[in-house]
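Reader: Before I use any label attached to a structure, I would like to see the reasoning behind it. Could you take me through it step by step?

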Amino acid sequence: MLRDRQEKRLKEFIDLCRRRGMRVTNQRLEVYREIAEDLDHPSAEMVYEAVRKRLPAISLDTIYRTLDTLEEFGLIFRVDEVCPRAHFDANMAPHHHFFCIRCGKVLDVPNVWEDSSHILDKVSGYGRVKSVNLQIRGVCNNCQNIPEKTMEKEKNHAKHQRD
Ligand SMILES: [Zn+2]
Ligand SMILES: [Zn+2]
């Protein structure tokens, strides 16, 4: 089921690239695939770590540039409403994000408004709107089951492993 969906998304991606006049390169495909398959909205560094396993010669700089290109062509977007570090999303259907203030996870929330035109009407005098975001912050179900003290320890541990 999941595989089918991923395959479908990749095919759509290639179609869309052609229609928008963007050349489909292996690098772009691999970067996109990583974002489309990772439901956690990966950051550029996370994409880099994963893509490097398949394309060992790729640099972080290339990842940044590829992400910029994909964003420019409207194939992915940056989720940066709350997080200081940008996360990337290949789900272009209207939806919102739930940011967990404890673990930093970014979860997809279904769209709550059918029609955002009334919002656009109200803000049209300020400039051209590119996107409208609902900011949802909270503690995810997973973190709610973990006492705060344990959480802190895990966070520090994870940080040490990364350094
Ligand atoms: Zn959490
Ligand atoms: Zn999302």
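Author: What follows sets the labels used for this predicted model against the cut-offs behind them.

Reader: How is the protein chain built up, and what share of its 163 residues is buried?

Author: The protein chain has seven helices and five strands, and from the N terminus on the order of these elements is α-α-α-α-β-β-β-β-α-β-α-α. Buried residues account for 15% of the 163 residues, and of the contacts with a separation of 6 or more, 52% join residues 24 or more positions apart.

Reader: Why is V51 called buried?

Author: V51 has 20 C-beta neighbours inside 10 Å, and a residue is buried if 20 or more other C-beta atoms lie within that distance, so V51 counts as buried. V51 lies in helix α3, and leaving aside its neighbours within four places in sequence, V51 is in contact with E30, V31, E34, I58 and I63. For E30, which is 21 residues from V51 in sequence, the C-alpha to C-alpha distance is 6.4 Å.

Reader: What makes M46 partly exposed, and in which helix does M46 lie?

Author: M46 lies in helix α3, and M46 has 18 C-beta neighbours inside 10 Å. Because the buried class begins at 20 and the exposed class ends at 12, a count of 18 places M46 in between, as partly exposed. The C-alpha atoms of M46 and I35 are 9.5 Å apart, with their positions 11 residues apart along the chain.

Reader: How do you know that R20 counts as exposed?

Author: R20 has 11 C-beta neighbours inside 10 Å, and since exposed residues are those with 12 or fewer, R20 counts as exposed. The place of R20 is in helix α1, residues 2-20, and the C-alpha atoms of R20 and L75, 55 residues apart along the chain, are separated by 9.7 Å.

Reader: Why is V139 called partly exposed, and where does V139 lie?

Author: V139 lies in the loop between β5 (135-138) and α6 (141-144). V139 has 16 other C-beta atoms within 10 Å, and because 16 lies between the limits of 12 and 20, V139 is partly exposed. Leaving aside its neighbours within four places in sequence, V139 is in contact with C100, I101, R102 and Q144, while C103, 36 residues away along the chain, has its C-alpha atom 8.2 Å from that of V139.

Reader: What makes α2 roughly perpendicular to α4, and which residues make the contact?

Author: The two helices α2 and α4 pack at an angle of about 80°, with their axes 10 Å apart. Angles of 65 to 115 degrees count as roughly perpendicular, which means that α2 is roughly perpendicular to α4. On the α2 side the contact is made by Q27, R28, V31 and Y32, and on the α4 side by T62, I63, T66, L67, T69 and L70; the residues of this contact divide into five nonpolar, four polar and one charged.

Reader: How do you know that the span of α2 is close to the expected value?

Author: The 12 residues of α2 reach 16 Å from first C-alpha to last, and the span expected at 1.5 Å a residue is 16 Å. Within α2, the residues R28, V31, Y32, E34, I35 and A36 are buried.

Reader: Which residues have the most contacts inside the largest nonpolar core, and which helix supplies the largest share of this core?

Author: The largest nonpolar core has 15 residues, and those with the most contacts inside it are V31, Y32, I35, V47, I63, L70 and I76. At least two residues of this core come from each of α2 (26-37), α3 (44-54) and α4 (60-72), and the largest share, four residues, comes from α2. Leaving aside its neighbours within four places in sequence, Y32 is in contact with F13, L70, L75, I76 and A90.

Note on methods. Residues are numbered from 1 along each chain as its sequence is written. Chains are lettered from A and ligands numbered from 1 in the order in which they are written. This is a predicted model: local features need pLDDT of at least 70, side-chain atom pairs count only at pLDDT 80 or more; totals for chains, interfaces and linings use all residues. A nonpolar core is a set of buried Ala, Val, Leu, Ile, Met, Phe, Trp, Tyr and Cys residues joined through C-beta atoms within 7 Å. Two residues are in contact if their C-beta atoms, placed from the backbone, lie within 7 Å. Axes are lines fitted to C-alpha atoms, for helices over the stretch in contact, and angles run from 0 to 180 degrees between N-to-C directions. Angles under 35 degrees count as roughly parallel, over 145 as roughly antiparallel, 65 to 115 as roughly perpendicular and the rest as oblique. Ala, Val, Leu, Ile, Met, Phe, Trp, Tyr, Cys and Pro count as nonpolar, Asp, Glu, Lys and Arg as charged, and the others, Gly among them, as polar. The expected span of a helix is 1.5 Å times one less than its number of residues.
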